[in-house]
Amino acid sequence: MSEVGTEYQHPLMAAYWKQLNSGFPQVKEVFEDCMAEALAVLSREELSEYLDAASFLGRMGRGVEPILTFLEEWPSVAKVLGGSALPRVMQAIHAMHKSPNGKAITPFLQTLAAVARRQHSQDALQHYLDIALDLMARTTGSIHGHHTTFPSPGLPEFYQQAPFLLSNLSMAGLKNWVEYGIRNYGNHPERQQDYFSLQSADSRAVLQRERHGTLFADVERKLDLYLRALWQDSDHLVPYSTAFDELRKPVPYYDQLGIRVPDVFDDAGEISGLDRYRAVLAHMVGHRRWTEAQIADNWSPFQRMAVEFFEDCRIETLLCREYPGLRRIFLALHPKPAETACDPETTSCLRHRLAMLSRALLDPAHGYQDPALLDFVQRFHAALAAGASSTSEIAGLALSYVARTRRQSDQFAKVHFDDTVIDYRDDNRQMWKFIEEGDEEQAFDAERKIEPGEELKGLPPRHYPEWDYHSQTYRPDWASVYEALHPSGNAAKIDQLLQKHDALAKRLKRLLDLLKPQDKVRIRYQEEGSELDLDVAIRSLIDFKGGATPDPRINMSHRTSGRDIAVMLLLDLSESLNEKAAGSEQTILELSQEAVSLLAWAIEKLGDPFAIAGFHSNTRHDVRYLHVKGYSEHWNDEVKARLAAMQAGWSTRMGAAMRHAAHYLGARPSDKKLMLILTDGQPSDVDAQDERLLIEDARQAVKELDREGIFTYCISLDPKADEYVADIFGRQYTVVDNIQRLPEKLPELFMALTK
Amino acid sequence: MTDKEQYKVHQEPYYQAQGKEVQLYEAAYRNRLPVMVKGPTGCGKSRFVEYMAWKLGKPLITVACNEDMTASDLVGRYLLEANGTRWLDGPLTTAARIGAICYLDEIVEARQDTTVVIHPLTDHRRTLPLDKKGELIAAHPDFQLVISYNPGYQSLMKDLKQSTKQRFTAFDFDYPAAALETTILAKETGLDEATAGRLVKIGQTARNLKGHGLDEGISTRLLVYAATLIKDGVEPRDACRMALVRPITDDADIRATLDHAIDATFA
């Protein structure tokens, strides 16, 4: 590194250069400009610290990039947060420098200015730094837990995404998002990179969940009701993501497939996110009611734009006639361009003119002076005074407006965009029809044909969340459950099994007869009834003797109270079922088959609605839910055949299966709902390293079901179940130690539960 | 003999006809055909019957039916007295004796075994057997039976038997059209037409939600309540929230939507 000579004329500048003590020629090129900017915002001490910090960055041995970026970026950071923020930043840089994460310093500095603009105080910046350093500390790899040797794979990606993240997330949201990434991808470098660079699906999903503003998912029903109640309209509402399109922000629109709205709206001033959604919907409803499609071919793009502006104002005027309160919302959301903001000599002012006109058409107190504008406002109101006018009439007005106000400068490439975007309006694609095929139509929504080779087996997957006990949150749409009909086998096999347990069946039958609905409920205070109600009769007689009017309702009658229980039996079909039961020649699977057959036979005798399903899983992406018996099916050969073909394999992702089963059981109209879970081991899956994770998830599923009024009960065949089963099911479980006795235990248990 | 006069409707009730129902009812009465009035709650069924009784100058006996009502509550019963028993006519018997219009309001609320006692009165026999007393009453020539029911319950348990339904001629009422309903509000409460029109508009937003979380829309009766409150000087938005939205729903989403409709209407 060769020393560059001090050729600055000004002695101070020379002194600064000396203090910086840098040998990079690239630094020298920009030094003077940077100093000019720095001198404007930094005090004398801060300037000295600035140079020292830059000097340190230049000598770190990481090339010219860090010092160069720092020199250029810091003055603008200091402008926002004050020069006194430097020690905090340097502390973070030192921390990175001392760890193997030196590479992250450059992206950190590159985005620092953008990040700073999103912060409003040094404290907020400190939070950001804390989150980043926490991420670094927890993802930097170590060998044998002693020396940290591998750099954090996610940290540089995180810094690069930081400005975008902060524009969408609050600090708390950012923290949650980072936490999620560390917890789930802490040990997986590639996936961690994907997560922190926002490439992976769940990274985006978690981001979506943590966003600030009014989420579409939270207000969907309100919007649906809004359309129905106020506008007698309804359509499929489809959200589009606003988070990931940087270049071109999508705009609301509607077509045959539904109304497209953004997935989130921040509050705009005093207008809440919900009201912004309502404004968007009202505007589109207006088009659907009053706009007729116009032929676009003969009009220039400028003319079409003017027609769109006029038509938008026409329908908004009509909407406000319907509900005057909408005007307040529209006006609050509509930009109010200053009349002199655009210079027609140098810039294309078309958008600016039209936005002003649009404002003036809606806002009587617009205050604009332009005579052409005032003239057209007056003509617009005259056209609408008599009634609703029409799209073609208003288009005529728009065309004459374009003819009157056209300027040479409208063709300029430099277009004035400030305050001209009206974000609650849709893109008006339904307003145009094209006679000739042009290049403007889009065929995104053309129907996709399903390839003949793609055979649909079973039902499409349903996604269920999974509980993450670390963060006490749900992982959105985590487990995919595929439901299918269980393959069929030989029904005679089940009949044989039942025959084998003939003696047991007889004993059960006696118990069942006792359970059958026969308990009577008294209905008292009847004028006519089957028996005299002595208590009331005596009271009446006393009244009578005392001279008061006696109560004539001295009889009572009886009513039988029916059993009203819906039952769901969920069978764990994981690999471990293939093992032989202790002290028996049969596998656990065979014993389960016998037990389930007996139970099904018993419940059928009782007449309770009853369903059977099995489940197993092969990672969260493939949870199989096998339908054996539905509520509408009887215990017939078809069901028996499915039960006979039962096979075991894979793992036990219990929570997802329970949630899926609950969506069937929950839809039953019965008073009492019972879910029996027959399992031989703890919930586990190959993609869950943490043992507790699926146990806690199952426990959470039990709680959810409890809230839905479903009583869960576990029959565990695992002799070691005591360690975890109580954690999941509380006191609602039985451990069957002697598996050979399962066939008689299971029906007995059921009867005891429902007695 | 029971005093007929007490059952007479002396003052003209305000009723705005929606169609030809007044003439049709008069025709039914001329021929003493039993009448059934169907329609959602608060749409003016009872008011209509009251109005017709006034117009025809006949006494009106109204019975609000409920599920604890027995046949004796309609027909009559023996009362115990210190030295024996005494028979007391029920409202239906009284009406048949004195020649009144007997109006059984919300008939489906009564148990089905109760409703069959009206059967002999509703066909050509026009008699009412009092089996406990051993008397057969032939109905007075002026007697007519009117029942009302709200088919909106959509409950299997609360429907009339075919054998009961097919003894009546029927009117199907619904909430009046917007312009008519506005007139009704204005006449009934003295509110100005413009405000009344806005109330009707809010009422319609709620009626659009029937079946989407609301069992019934906002009734004309509730709109009258709201109009009365506004007439009394209550701020319109508060009056609407109190009289129109809070009574009909506990669902937060629907409440938010209707509240918004109120704000959007009363700008």
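These legends go with close-up views of a predicted model.

**View 1. Where chain B meets chain A.** Let's start at the contact between the two chains. On one side, 24 residues of chain B take part, and they touch 21 residues of chain A. Three elements of chain B each give two or more residues to this side: the strand β3 (76-81) and the helices α9 (193-208) and α12 (252-265). The largest share belongs to α12(B), with 10 residues. What kinds of residues does chain B bring to the contact with chain A? Sorted by class, there are 12 nonpolar, nine polar and three charged ones.

**View 2. Helix α9 of chain B and its surroundings.** Here we zoom in on one of the elements from View 1. The helix α9(B) is 16 residues long and spans 22 Å from its first C-alpha to its last, close to the 22 Å expected at 1.5 Å a residue. Plenty of names to look for here: the buried residues of α9(B) include T195(B), A196(B), R198(B), L199(B) and V200(B). Further along the list come K201(B), I202(B), G203(B), T205(B), A206(B) and N208(B), which are buried too. What do the buried residues of α9(B) pack against? Their partners in chain B are α8 (178-189), α10 (220-231), α11 (236-245) and α12, and from chain A comes α12 (216-231).

**View 3. Strand β1 of chain B and its two partners.** Now for some strands in chain B. Strand β1 (residues 35-38) runs parallel to β8 (residues 144-149), and four bridges join them. To spot this pairing, find M36(B), whose bridge partner in β8(B) is I147(B). Four bridges also link β1(B) to β9 (residues 169-172), again in parallel. For that pairing, look at K38(B), which stands opposite D172(B).

**View 4. A three-stranded sheet in chain A.** Over in chain A, three strands line up in the order β4-β6-β5 to make an open sheet with mixed pairing. Why do β4 (237-240) and β5 (253-255) of chain A each have one side without a neighbour in the sheet? They stand at the edges and each has a single partner strand, so nothing in the sheet sits on the other side. From one strand to the next, the twist averages 25°.

**View 5. A closer look at β5 and β6 of chain A.** Staying with the sheet from View 4, we pick out one pair of strands. β5(A) pairs with β6 (residues 258-262) of chain A in the antiparallel sense, over three bridges. A handy landmark is Y253(A), which stands opposite R260(A) in β6(A).

Note on methods: Residues are numbered from 1 along each chain as its sequence is written. Chains are lettered from A and ligands numbered from 1 in the order in which they are written. This is a predicted model: local features need pLDDT of at least 70, side-chain atom pairs count only at pLDDT 80 or more; totals for chains, interfaces and linings use all residues. Two residues are in contact if their C-beta atoms, placed from the backbone, lie within 7 Å. Ala, Val, Leu, Ile, Met, Phe, Trp, Tyr, Cys and Pro count as nonpolar, Asp, Glu, Lys and Arg as charged, and the others, Gly among them, as polar. Two strands pair if DSSP finds at least two bridges between them. Axes are lines fitted to C-alpha atoms, for helices over the stretch in contact, and angles run from 0 to 180 degrees between N-to-C directions. The expected span of a helix is 1.5 Å times one less than its number of residues. A residue is buried if 20 or more other C-beta atoms lie within 10 Å of its own, exposed if 12 or fewer, and partly exposed in between; C-beta atoms are placed from the backbone.
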